[in-house]
Amino acid sequence: MPTALPLPLQTVWLIPVYGFAGMVLSLPWATGWIKRNGPRPAAYLNLLITLVAVVHGSIVIGEVLELGPQHLSFGWFQVADLDLRIGFDLSLINLAALELVTFMSFICQVFALGYLDKEWALARFYGLVGFFEGAMSGVVLSSNLFMSYFLLEMLTLSTYLLVGFWYAQPLVITAARDAFLTKRVGDVLLLMGVVCLSAWAGSMEFTDLYAWSAQHKLAPLTSNLLGLALIAGPMGKCAQFPMHLWLDEAMEGPNPASILRNSVVVTCGALVLIKLMPLLQQAPLATTVLLSVGAVSAIGGALVAIAQVDLKRACSYLTTSYLGLVFIAIALQQPAIAILMLLAHGLAKALLFMSVGSVIATTNCQDITELGGMASRMPATTLAFLVGSAGLVGFLPLGCYWCYGIIVESIKATSPLMAAVFIITNFLTALNLTRLFRSVFMGKSMPKTRRTPEVNWLMALPMVSLSVIVVLLPWIMALLDPIPGINSFSLPVAALVFSSGLIGLVSGSLLHLDSFWSRSRTQSLRVLQDLLALDFYTPDIYRSTIVAFVAGLARLANWFDQAVVNGFVNGIGRLSLITAEGLRQGVSGQLQSYVLTLIVAIILLLTVVQFWYS
Amino acid sequence: MTLTLLLLIPFLGALGLSLWPRTLCEVVARRTAIVLLIIQLLLSLRVIFLFDSTDGGMQLQEGLYWLSSLGLDYRLGIDGLSLPLVLINAVLTLVAAIVSRSISQRPRLYFCLLLVISGAVNGAFLSQNLLLFFLFYELELIPLWLLISVWGGSNRAYAATKFLIFTAVSGMLILGAFLGLAFATGSVDFSLTPVTTLQLSMGGQILLLSALLIGFGIKVPLFPFHTWLPDAHTEASTPVSVLLAGVLLKLGTYGILRFGMGLFPEAWSVLAPGLAIWAAISVLYGSLAAIAQVDMKRMVAYSSVGHMGYVLLAAAAATPVSLLGSVFQMVSHGLISALLFMLVGVVYKATGTRNLDVLRGLLNPERGLPLTGSLMILGVMASAGLPGMAGFISEFLLFRGSIEKFPIATLLSMVGSALTAVYFLLLVNRAFFGRLAVTPVDPNSGPLDIRIPASTLVEQLPSLMLAGSVVFIGLWPTSLASITESATNSMAQLMSTLSIVLPIGVTP
């Protein structure tokens, strides 16, 4: 019972509240009530409170190690047959994810102090990050579907506000709009699933839902539709095809938010999917869709990334690609490996984005054709990029190498095709990261990279510390000791992963790079490049299909409203006015004719009544 | 006596204001009205303490014999359905009076009319007699007509007349249904007792119920009877729009729940599937039409058509959860749409336009309207059903309660909820994001930046209060559910017992 638990465990609900409290504490500076001494105090308050969240989380981990997993539940809203609760599932995995979220939030906030040094709306940024962090901490700890949905939707809102942070820029407007609407489509589909489950199963706790789903056989169509609705939410959150276009546009937001989005937000989406997975047992269609979406996202995302000249976008498509692999792992019932993959990816991708952020902060440029030769002057940034890339590719024995190894080993017998997807994606990712490294850090200096001092310590310190963590990750993973152990794969698999990374590295280094490479003069290559650079024309396809459809319906409804509904009403009004005008002309003014009309009418009426009743 | 006081304060206040022998300047009239409305609000809050939330029936009943031979008795009572609406009425009339600044002409008459509306709406929500309800329902009509046609925009004559004719037709249909019920059952007590097939055949019941549904459907408004609403909103001044959207539309849904469902439960369960479809059409139609609007006020008005449609869906399903959701939706729509109309009013006052093709970048922190913009983002997110705010929990209850009975109509309504996000996001993106500019972006002339007078915090206080209450209900829905639940439960129970009886009753 909760009363017997130690205090830090009982008050675990405070951890999400810390984030939201950070938002509330930033308000006086964000709204300009306190103008003296600038907005920095809001940032310090948020840093402090996030640190408290990290410490609280680690104390809870210690206690859970001692007492075993716990489940806390509080009533929130109970009416009739509906009981909505706030539930926390304190398993080690959830708590590890919580620590990842709060720690990454902390480190990004330190980074942001340097990155957004002269930003006038610093307090607003920190308020939004606090909101973001609160929602994410809640999602990873949540033990019920309703609360997960509630907080996922809050994540959508805060993503919208963070992407729209520099709302005066035209590209930001469309980016924020697309980010919100794409995720919202996923969320509404998820809501349909949540509402159905709530009505059918009653309780919203994941464990109760698993039991319900094991006992009740739904009609195949219903369960497939339900499965599709449930996976739509995580698909939108993890930027999977075809709901991926928001993530690269979201790069218009400030970089520290991009770090969080690419590492932990997508992790939250995937964790929710892992929790939903047991509900999809009866929905083979949903599993098939997950597999194909994952495969398409993995390879498509990696290919699109290779054709990008924008540094941030090239990296963000890699996120889509990698999360595609995680989706495959989840769909193939490998949740433990999927969680390891998320951990390895989250840390390495955050490091990569920090490095990208410091390149952008120094040069004010993110077009790789205008960058070059920065390695000699920015050692910490270069190192961070190298370590981050190594952590993402199955080549050196860092995080993702081991993940690729275990997952390929465990699925190669059952689904060799999907194992091939992993290997190909590894190859493409290695190629792309090598290409990016060469164009940004190697080669000769460009006009924009002549004077590039290393970034200040506020940005360098988080970067270096995260580099150390990424290097130490295999050891941490071994400590976590997943089942099967992290090195439990055969030599051929290890060789396969290593060689795919190596081939990617070599072909990346042999690739011909100059500023004209971005758009070839060979017709066939150019068509391919355009196809990939423009993301398979997804924005255009959306614009000409669903956007045009909704806009057309809206115009039709408006026309119908004006012409038919309103026209009918106005027509009746006009008709009655015209009739009145006409009748006015017909009045003679002679009393005799009125009396005659009256008498005739009375006689007619009486005759009718007579006939009726006789 | 408390309920009678809820009527006496506004009515006597209005009488006093209009008969005051000396000239009253605008400030005095406004302050008097505000003081009276604060007293009314406090009294409404007192009703909560007198109210027993475990009792699902009518409470605090009081009455006088008046014209018993006509069946018109003065009988008041309150239950969990009408109490939240009485509170909303008190809050929003007060807010409307507070935001009524610089009334150009006849301030005394203006505030009298506001008070009369508030009293009449209270009367309609509290009446326990059909004819008395009808009297109050009609009584609220004339002041609103005057408020639009005297203090409205440029095309006010058209809009006011349209409103008057539509609502008069609505009143006639309702009166017709009440009288028809009295003649058909042969009793003239006009009380709120449900009729059964023993008293009136199913065909007759359906006929009378249809008249009631169309009558109240005009008021709600539901497609295709909604066309008066966008015009009335566009021409009405901000406080009048707040009242119209926040309070007066609720008379329609209240009428549907109280009289449509309450008087004809058997016919209701026959018509319910059709009503659910009607609701879904209304939701989708309102939302789609809202996407195409360029006038911010028209957009909010069409969104009302969509969001009030949810209430009909929930009423059709008539489960305990859905009925509770319908009350939640009435309250949250009242608060949210009032908030949105006030914010649009601020924008209009500052820039002189509401055209989304013209406004740009109003969120600008130095020369724009940052606080208004932030509240607007909160308001539209609440309206789109983002969790943590009143809109979400209302929609969740509605959908959760209705999906088992009418899955298709519920899913379609949820699509309407997604469309809400589309049009309101467009509103925020167009008017508030981007670079500040109020003239059309013309390549020849270029955008002309303007200086917008900064709005003070005091002016925004009512909006802040409304936004606060939207978040409050969103985070702590039990506060509202605790006063409503027993009433909606007993309504749902009535429906379920009668629909079990139904198979026998259907055969004529």
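In this predicted model, the centres of domain 1 and domain 2 of chain A, taken over C-alpha atoms, are separated by 24 Å. The two domains touch through 30 residues from domain 1 and 41 residues from domain 2 of chain A. On the domain 1 side, β2 (82-90), α4 (92-115) and α5 (122-141) of chain A are the elements that give two or more residues to this contact. Of these, α4(A) gives the most, with 14 residues. The character of this side of domain 1 is easy to read from its classes: 23 residues are nonpolar, six are polar and one is charged. For orientation along the chain, domain 1 of chain A covers 1-143, domain 2 covers 144-533, and a domain 3 covers 541-613.

Turning to chain B, its secondary structure comes to 18 helices and two strands. A compact globule of 508 residues would have a radius of gyration near 23 Å, and chain B agrees with this because its own value is 22 Å. Along the principal axes, the C-alpha atoms of chain B fill a box of roughly 75 × 60 × 40 Å. Buried residues account for 60% of the 508 residues in this chain. Contacts in chain B often link distant parts of the sequence: among those between residues at least 6 apart, 80% join residues at least 24 apart.

The two chains also meet each other. Their contact takes 36 residues from chain B and 36 residues from chain A. On the chain B side, the elements giving two or more residues are α11 (265-291), α13, α15 (390-402), α16 (407-431) and α18 (478-506) of chain B. The most comes from α16(B), with eight residues. By class, this side of chain B divides into 24 nonpolar, eight polar and four charged residues.

A further view comes from the nonpolar interior. The largest nonpolar core has 399 residues, and Val326(A), Leu351(A) and Leu313(B) are those with the most contacts inside it. Helix α13 of chain B, residues 320-351, supplies the largest share of this core, with 18 residues; α13 of chain B is also among the elements on the side that touches chain A. From chain A, the core draws at least three residues from each of domain 1 and domain 2. The surroundings of Leu351(A) can be listed in full: leaving aside residues up to four places away in sequence, Leu351(A) touches Ala384(A), Val387(A), Gly388(A), Gly391(A), Met463(A), Leu466(A), Ser467(A) and Val470(A).

How values were computed:
Residues numbered from 1 in each chain as written. Chains lettered and ligands numbered in written order. Predicted model: local features only at pLDDT ≥ 70, side-chain atom pairs only at ≥ 80, totals over all residues. Domains from an automatic or database assignment. Contact = placed C-beta atoms within 7 Å. Helix = DSSP H or I, 4+ residues; strand = E, 2+ residues; numbered from the N terminus. Nonpolar A, V, L, I, M, F, W, Y, C, P; charged D, E, K, R; others polar. Core = buried A, V, L, I, M, F, W, Y, C linked by C-beta atoms within 7 Å. Buried ≥ 20, exposed ≤ 12 C-beta atoms within 10 Å, placed from the backbone. Rg over C-alpha atoms; globule rule 2.2 N^0.38 Å.
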